[in-house]
Amino acid sequence: MSTNSLSKSKLHGLWALTNRELKKWYKAPVVFALTLIQPIIWLGLLGNALNLGSLVSSSSIAFPADLAAQFTPQQLGTLNQFFSGLQDQILTSTFGTTSYISFMAVGMIAFTALFTTMFSGMSVVWDRRLGFLNKVLSTPVSRSVIIISKVLSATLRSMFQASIILIIAVPLGFQPGAAFTPINILGVFAFLFLICLGLSSLFIAINIRSTRIETPMAVMTLLNLPLTFASSAFFPIDRMPGWLQAVANVNPLSYTMNGMRQLLINPTIDYSQLALQYAYVGIFAAVLTTIGIVLSWRFLNK
Amino acid sequence: MSEGDTIKAEGLTKVFNGSLVAVDHINFNVKHGEIFGFLGPNGAGKTTTINMLITVLKPTEGKASILGYDIAKQHDSVRYSIGVVPQEYTADEDLTGIENVLLCADLYGIPRNVSKKRAADLLDLVELTNFKDKKVQTYSGGMRRRLELACGLINRPKVLFLDEPTLGLDVQTRTATWNYIKTLKKEFGMTLFMTTHYLEEADALCDRIAIIDHGKIVVVGSPEELKHSLGGDLITLATKENEDVTELIQKVEHVKEVRKEDGTYRIKAEFGEVTTPFIIEALRKKGHTVTKLTLTEPTLNEVYLEYTGKSMRDAEESREAFFAQRATMRRARGH
């Protein structure tokens, strides 16, 4: 057993605490079922309701009858072809793909990461209130292990849910881009791993001193909206108004989503951009995880 | 303070938010192998003291050591040698009994091959073997408390801390829990530090008690010493004859005070069970017949009243503590 070799190291208890969080999730049938259903609803409902692609589809751009009468059927055919080509061009230049649901699916993956990590942050408060945290603090487990286990379990959960989204997106009309190869999925997981590390550290840092659930809830609701909408989750950044672009351009979620879109749905991959995106998300993760661990040394014990 | 002191506190103080003095320069020592109790109302500073000793809270001032390890500087040595049974039910509801005990073992880095055997033995000891594979949410209050005991003992601690061990339990379960605590102490030869706001609990379990009020220790002693310090037992008697025998009783050794009220004598005396026969004998020699007699030993309630100037009552407490206690009591009742 691996605990054997770890027993004298500083990391003992890490897997035990991580697994506790995970067990609470996969051993509770209702919670587990809901986490499976949630992405289906989001993608199926939001992905179709917010189908921005339909704005420029052939059905929404039909020729008025009197205008159509001036052309021969042959000319009309050419024009229709021209316009449907134009649609694809508009969609591709806006979303990087002709399929909005594919664009949206990637946004949903990042969105799921945001929500899962947010709730894992709140569990620190519950552990404090229910006395579990005090009990753990009275054992020789390293303070940073307590925090890292929370981060790790949130990351693993998010990655699992992201995989579900990708799988169910396929029957819902997900179209991989021309540059997609199965190996790119590993790249997507790398992005997810980094963003989850960063986000869960952020939310845990917010909660670490809290003894009541209301304050962090308010803070997180406040953070949640700009993080979601001032990002490329639903709409590309370069089509946003300037002030919103400024916010979206520093939002690590935008970098995550744009990077994942390159790997999954874009026709070509710009590798220098991809490197920049990895670097940005990587630095975000490193900085916030460090902050989280430093805070855990200072503030877990009052 | 002798070398046998397992726990030693000198001027231990905790101030919250710069102004709220929860524990105010307390000094005490716990001897090897004894059960030492902190008795006081809610909000007196009992849990704060425990939390400092178990290295969860940092003292604002003062020092304390456990088995010679400084609680502020030698965290890990302290943590490896103590076991903690918190006031709250900290076992995870979604996990089974055995999973919870093994989780505790992992927190001490005990290898699985060792912890499996230990967990099985401990669950056997607290009579939960038949329920070990059931989720904790199906457990009763008494079972949960026993599971917490098993968790607290997984690292074979030399000192066990019990914070309000029977909070919210019904009378029968409480007595049963006391028996478990006594058995475990005998089995493992530990030193126990416990807090309680139940007088009868302190009386039944503790070798020595410190009464704590408003963050200060008011008095320390064994339950008997504390009761004796009140000036002894109360004897009430009546005689057949109408003649006043107050002076006669007064002369008996160890009698401290005699008052006559409506034909009965209320006598305050030390060592009541020994003194009473002497009183009867003295009266009979002078031809008096005792018709009615009761002997009452002072309870800790009277001790408490004497030293704090009030009966046990709930002091003001924090919202957090209140929430935790309510949650514990709810779960104890199986909701």
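In the predicted model, the hairpin formed by S1(B) and S2(B) has three residues between its strands, and B:Asn17 adopts a positive phi near 50 degrees there. The two strands of this hairpin, strand S1 (residues 5-16) and strand S2 (residues 20-31) of chain B, run antiparallel and are joined by eight bridges. Within this pairing, B:Leu12 is placed opposite B:Ile26 of S2(B).

The hairpin belongs to a chain whose secondary structure comprises twelve helices and 14 strands. Taken along the principal axes, the C-alpha atoms of chain B occupy a box of roughly 80 × 45 × 40 Å. The domain assignment divides chain B into domain 1 (5-222) and domain 2 (231-297), and the centres of these two domains of chain B, taken over C-alpha atoms, are separated by 45 Å. Of the 335 residues in chain B, 45% are buried. Among the contacts in chain B with a separation of 6 or more, 72% are made by residues that lie 24 or more positions apart.

In soluble globular proteins, nonpolar side chains tend to be buried together. In the present model the largest nonpolar core contains 138 residues, of which B:Val101 and B:Phe161 touch the most other members. Helix H6 (residues 100-129) of chain A is the element that gives the most to this core, contributing 15 residues. When neighbours within four places in sequence are left aside, B:Phe161 is in contact with B:Ile50, B:Leu53 and B:Ile54, with B:Ile82, B:Val84 and B:Val85, and with B:Phe193. Apart from the largest core lies another, made up of nine residues, which include B:Leu237, B:Ile267, B:Ile279 and B:Leu283.

A further antiparallel pairing in chain B brings together strand S11 (residues 233-239) and S14(B), which are joined by six bridges. In this pairing B:Thr239 stands opposite B:Val290 of S14(B). Strand S14 (residues 290-296) of chain B lies largely in the open, because the number of buried residues among its seven is zero.

The contact between the two chains draws 29 residues from chain A and 30 residues from chain B. On the side of chain A that touches chain B, at least two residues each are supplied by helix H1 (2-6), helix H2 (14-26) and helix H7 (132-137) of chain A. The largest share of this side of chain A, five residues, is provided by H7(A). By residue class, the side of chain A that touches chain B consists of ten nonpolar, eleven polar and eight charged residues.

Elsewhere in chain A, A:Leu295 is located in helix H13 (residues 271-299) of chain A. A:Leu295 has 19 other C-beta atoms within 10 Å, and because a residue is classed as buried if 20 or more such atoms are found within that distance and as exposed if there are 12 or fewer, A:Leu295 is assigned as partly exposed. Not counting residues up to four places away in sequence, A:Leu295 touches A:Ala205 and A:Ile208. By contrast with these contacts, A:Leu295 and A:Thr256, which are 39 residues apart in sequence, are 25 Å apart in space, C-alpha to C-alpha.

Definitions and conventions. Residues numbered from 1 in each chain as written. Chains lettered and ligands numbered in written order. Predicted model: local features only at pLDDT ≥ 70, side-chain atom pairs only at ≥ 80, totals over all residues. Domains from an automatic or database assignment. Contact = placed C-beta atoms within 7 Å. Helix = DSSP H or I, 4+ residues; strand = E, 2+ residues; numbered from the N terminus. Nonpolar A, V, L, I, M, F, W, Y, C, P; charged D, E, K, R; others polar. Pairing = 2+ DSSP bridges. Core = buried A, V, L, I, M, F, W, Y, C linked by C-beta atoms within 7 Å.
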